[in-house]
Amino acid sequence: MKEYIGFGIVVFSLIFAISAALMAWRLKRRLDAANSVLVLEKSRRDERRKTYQDVIAQLEQAMSSVSNGTPELANLFNDLSPKLHLHASEEVNSSFVEVCLLLENWTAMKDDVDKTVSSLQENPDQEVLERRLSEQKKQALDAYQLFKHKFNRLGAMMRKEMSQAL
């Protein structure tokens, strides 16, 4: 009978050791899966942050180039739109498209003002051009203010998304 008790203890110890090893293995698998999900979420968040920073930086650069009279908008939308499509929400994407359209509108109006100023310098005695220039400047200023408002709103949306992602 003593042999059976010793044998039972050995069998029980073996079963306990195997079940402990199995539980440790399953917990390790779960921990690795959870860690990989966290790493993936962190990389997505970092990529989104980088994309948002690129969008803001390039829009500000485009804004200053338009203000300086040398607009460089050729690849702005084409460069940023695919990145935003991958990383941003639909709300941010639609707001970005709206901001780009408003930037193009403001650029066109500023070009009209510059052309009218050039025409007025050639013929300084034309009152019609002076009135048109005044009206164009007002429209360009309104377009700039609308663009700036939507641009600030886009930045706020991006910051809100990033704060919610944490």
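How many residues apart are Lys-42 and Asp-46 in helix α1? The two are four residues apart, so about one helical turn separates them. The model looked at here is a predicted one, and this pair is a handy way into its charged side chains. The side chains of Lys-42 and Asp-46 meet in a salt bridge, with N and O 3.0 Å apart. Lys-42 is partly exposed, at a relative accessible area of 44%, and Asp-46 also counts as partly exposed, at 32%. The story doesn't stop with two residues, either: Arg-49 is linked with Lys-42 and Asp-46 in a network of salt bridges.

Side chains of opposite charge can pair when their charged atoms come close. In this model, the structure holds seven salt bridges, including the one just described between Lys-42 and Asp-46. Another of them joins Glu-161 to Arg-48, where the closest N and O atoms are 3.6 Å apart. Here the partners come from separate helices: Glu-161 lies in helix α4 and Arg-48 in helix α1, so the bridge ties together parts that are 113 residues apart in sequence. As for cover, Glu-161 is buried, with a relative accessible area of 12%, whereas Arg-48 is partly exposed at 24%.

Helix α4 also has a salt bridge of its own, between Asp-142 and Lys-138, with 3.1 Å between the closest N and O atoms. These two residues sit four apart in helix α4, so they are separated by about one helical turn. Asp-142 is partly exposed, with a relative accessible area of 36%, while Lys-138 is exposed, at 52%. Lys-138 can also be placed against a residue elsewhere in the chain: its C-alpha atom is 17 Å from that of Val-66, and the two residues are 72 apart along the chain.

Next come the aromatic rings. The model has three aromatic pairs by the ring-centre rule. In one of them, the ring centres of Trp-106 and Tyr-144 are 4.8 Å apart and the planes meet at 50°, so the pair counts as tilted. Trp-106 belongs to helix α3 (residues 90–122) and Tyr-144 to helix α4 (residues 127–165), so this pair ties together parts that are 38 residues apart in sequence. The two rings differ in how well they are covered. Trp-106 is buried, with a relative accessible area of 5%, but Tyr-144 is partly exposed at 27%.

In another pair, the rings of Phe-147 and Phe-151 have centres 5.9 Å apart and planes at 15°, so this pair is stacked. The angle settles the label, because planes under 30 degrees apart count as stacked. Both residues lie in helix α4, four residues apart, or about one turn of the helix. Both phenylalanines are also tucked away: Phe-147 is buried at 0% relative accessibility, and Phe-151 is buried too, at 4%. Put the two pairs together and a bigger grouping appears, since Trp-106, Tyr-144, Phe-147 and Phe-151 form one aromatic cluster.

One more ring is worth a look. Arg-29 lies over the face of Trp-25, at 4.8 Å from the ring centre.

A pair of serines gives a view of the covered parts of the helices. Ser-95, in helix α3, is buried, with a relative accessible area of 4%. Leaving out residues up to four places away in sequence, Ser-95 touches Lys-150, Leu-154 and Met-157. Ser-65, in helix α1, is likewise buried, at 7% relative accessibility. With its neighbours within four places in sequence set aside, Ser-65 is in contact with Thr-70, Pro-71 and Glu-72.

Finally, the outside of the model has a nonpolar side to it. Met-1, Tyr-4, Ile-5 and Ile-9 make a nonpolar surface patch of about 530 Å². Met-1 is found in the segment before α1 (2–67), and this residue is exposed, with a relative accessible area of 72%.

Conventions: Residues numbered from 1 in each chain as written. Predicted model: local features only at pLDDT ≥ 70, side-chain atom pairs only at ≥ 80, totals over all residues. Heavy atoms only, no water. Phe/Tyr/Trp six-rings, centres within 6.5 Å; stacked < 30°, edge-to-face > 60°. Buried < 20%, exposed > 50% of the residue type's maximum accessible area, 1.4 Å probe, protein only. Lys NZ or Arg CZ within 6 Å of the ring centre and 35° of its normal. Patch = residues over 30% accessible without salt bridge, like charges linked within 9 Å, V, L, I, M, F, W, Y side chains within 5 Å. Areas by Shrake-Rupley, 256 points an atom, 1.4 Å probe, with all protein chains shown as cover. Salt bridge = Lys/Arg side-chain N within 4 Å of Asp/Glu carboxyl O. Contact = heavy atoms within 4.5 Å.
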